[in-house]
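Biologist: I'd like to learn how to read a protein model by eye. Could you walk me through a few features, one at a time?

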Amino acid sequence: MAFDGIVVANLVHELKTELTGGRIAKIAQPEADELLLTIKSPAGQKRLLISADASLPLIYLTGSTKPSPITAPNFCMLLRKHISNGRIIQIRQPRLERIIIFTIEHLDEMGDLCRKELIVEIMGKHSNIIFCTEDGRIIDSIKHVSAQISSVREVLPGREYFIPDTMHKEDPLNVDQETFRRLLTEKPAALSKAIYTSFTGISPVTAEEICFLAGLDSSIPAKEYSQDILTHLFTQFQICFSAVREQQFSPAIYYDELEPKEFSSLPLTHFPQYTKKAFSSVSEMLYTYYSTRSQITRIRQKSADLRHVVQTALERNRKKYDLQIRQLKDTENRGQYKVYGELINTYGYHVPEGAKQMEALNYYTNEMITIPLDPVKTPQENAQRYFGKYNKQKRTFEALSVLCRETKDEIAYLESIQTALDIALTEDDLAGIKEELAETGYIRRRFTRKKVKIKNTPLHYISSDGFHIYVGKNNLQNEELTFHTAAGNDWWFHAKQAPGSHVIVKSEGAELPDRTFEEAGRLAAYYSSMRGSEKVEIDYVEKKHVKKPKGAKPGFVVYYTNYSLVIDSDIRGIREVNERQ
């Protein structure tokens, strides 16, 4: 992710538009390192969230509020004392630093007009919110930084505020060509690294984009390139930052399927494999990105125990299946023992006493074969011995065939649970999977044996031709969709021989267009273990031909007639109706 100086410049541009001239109506501190300001501006009432959290520093406009502690923290009380009802007269960003300075005009205790500055530093673990006088004297900060913590700068009441320049970076908005070339060629690092370590406000992602647009290999040091090529790179660098100077921002999030991977306020063209979603507001972009990332992280953490249960059961069943297959292979010669017994009964009358073998014509293959014999047994006893071996291996084969089929079905079922966990996006989704595992005996229900009622709905899409498409998110939901929601002439889709969701298209008695078949097939491919593949074989059939075998696991069905199509798993452009919970 690239929360760099360019994104901050985009934020400053938005905040200037929305908040300049606004009055601070409320100041809250819902978390130890977080502020929530309510501002009544000419554009209407706005809420500004400012977080100096070391792991997730943020600042953006939000429509939501957060509960605050009953007793306000000292920093919050200090701000209320000084700038409550103050007017924001200026918002600026020094150079292209990840710093936003709010200049606030207010009346002091004597009724005189004065100014203060609220400085927000978005700098990873060094992030802070600092309250200063107009001349740069620190009044207080949300985090105190003493000399024991930092040898670079103290952030304490009474100290002078300054921006540390430990990296000695240049301002990319005002650099000339000669300085640009000198800074890059002096560094032995890769070209992209030389760019983001030489100029303020540039993230590694942005540096890669500049190299990509210039058509240069970012891993080669700048000194390996000619002067003409570096001049070309400088031209591309200038074009990139002219958009920042002219405030031509285009905030967007780049998704890898449903997971947001990057965000930026300038286009990122070196991610052709990602899906781009544009936003009109940088605040909306930041809120969407971080809330989605937070949700995905939270769901992954909460699903860890379920994944462990499923993975353990899978490994156990796969080992059991491998053993059963090896044992089944040992029974491959059972038919030969039956033939031996029959041939001994047929030709054994001329075998001399104490013979260790006999030769006979195998009338099944019309070939001569040699049959080993036990010299202490009669031909009839040898025949019975072979028939005994045949019957024993036959019984073993029949029993193992059933066990192998059951174990294989168990593996397929557990793989379908794994796929459902991959699809899960909400806590309700996880609750449905947990209930299914409890019903099938993989986990115990705590405190009660009653079935838990899960408030969860299938995914709902509408095809380009207006047909409703439903996608199950777990096996219980798949079964509900297929055998209760779908009518007999609705269409059922599933990835061939792969765990995945049941997809139902409600036909309402009408004939489906080819495009709807393709879109339903893409959804079946996407919500399966084949997600990401360019070619996925999909089985589809009218629902009336889909049956559930007696005693089968949830979601397991059979069908004996079907159509097939091969399609990719790209579901971009298929409209989803219900918002993810």
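Modeller: Sure, and keep in mind that this is a predicted model. Let's begin with rings: the rings of Phe, Tyr and Trp count as a pair if their centres lie within 6.5 Å.

Biologist: How many aromatic pairs does the structure hold?

Modeller: There are 26 aromatic pairs here. A pair of rings is described by two things, the distance of the centres and the angle of the planes. Take F263 and Y289: the centres of their rings are 4.8 Å apart and the planes stand at 65°, so we call this pair edge-to-face. The cut-off for that label is an angle over 60 degrees.

Biologist: Where do F263 and Y289 lie?

Modeller: F263 is in strand β11 (residues 259-264) and Y289 is in helix α7 (residues 282-329), so the pair ties together parts 26 residues apart in sequence. Both F263 and Y289 are buried.

Biologist: And what about the rings of Y337 and Y386, how are their planes set?

Modeller: Those planes are at 20° with the ring centres 6.0 Å apart, so that pair is stacked. Y337 belongs to helix α8 (residues 334-347) and Y386 to helix α9 (residues 379-423), so here the parts tied together are 49 residues apart in sequence. Again, Y337 and Y386 are both buried. Y386 has another partner too: the charged end of R385 sits over its ring, 4.8 Å from the centre. Look also at Y413, where the charged end of K553 sits over the ring at 5.3 Å from its centre.

Biologist: Which residues form an aromatic cluster?

Modeller: F180, F199, F234, F237 and F241 make up one cluster.

Biologist: Let's move on to strands. What holds the strands of a sheet together?

Modeller: Strands pair through backbone hydrogen bonds, either parallel or antiparallel. Try strand β10 (residues 252-256): it is joined to β11 by 5 bridges, and the two run antiparallel. One of the matches is I253, whose bridge partner in β11 is F263, the ring we saw paired with Y289. The hairpin of β10 and β11 has 2 residues between the strands, and E257 takes a positive phi near 60° there.

Biologist: How many bridges join β10 to strand β12?

Modeller: There are 4, and β10 and β12 (residues 275-278) also run antiparallel. Y254 has K276 as its bridge partner in β12.

Biologist: How much of β10 is buried?

Modeller: 4 of its 5 residues are, so β10 is largely enclosed by the rest of the structure.

Biologist: What is the order of the strands in the open sheet of 7 strands?

Modeller: Read it as β20-β19-β17-β18-β16-β15-β21, with antiparallel pairing. At the edges are β20 (563-567) and β21 (575-576), each pairing on one side only. Inside the sheet, 4 bridges join β15 (residues 459-462) to β16 (residues 468-471), and H460 has Y470 as its bridge partner in β16.

Biologist: Which helices pack on that sheet?

Modeller: Helix α11 (residues 475-485) is one of them, touching β16, β17 and β18, with its direction at about 145° to that of β16. Helix α12 (residues 514-526) packs there as well; the strands it touches include β19 and β20, and its direction makes about 40° with that of β17.

Biologist: Last one: how many disulfides are there?

Modeller: The count is 0. The sulfur of C114, for example, is 14 Å from the closest cysteine sulfur, in C132, which is too far for a bond. C404 has a relative accessibility of 6%, so that cysteine counts as buried.

Definitions and conventions: Residues are numbered from 1 along each chain as its sequence is written. This is a predicted model: local features need pLDDT of at least 70, side-chain atom pairs count only at pLDDT 80 or more; totals for chains, interfaces and linings use all residues. Side-chain values use heavy atoms; hydrogens and water are left out. Two strands pair if DSSP finds at least two bridges between them. Contact means heavy atoms within 4.5 Å. Axes are lines fitted to C-alpha atoms, for helices over the stretch in contact, and angles run from 0 to 180 degrees between N-to-C directions. Rings of Phe, Tyr and Trp (its six-membered ring) pair if their centres lie within 6.5 Å; planes under 30 degrees apart count as stacked, over 60 as edge-to-face and the rest as tilted. Buried means under 20% relative accessible area, exposed over 50%, partly exposed in between (1.4 Å probe, protein chains only). A charge sits over a ring if NZ of Lys or CZ of Arg is within 6 Å of the ring centre and within 35 degrees of the ring normal. A disulfide is a pair of cysteine sulfur atoms within 2.5 Å.
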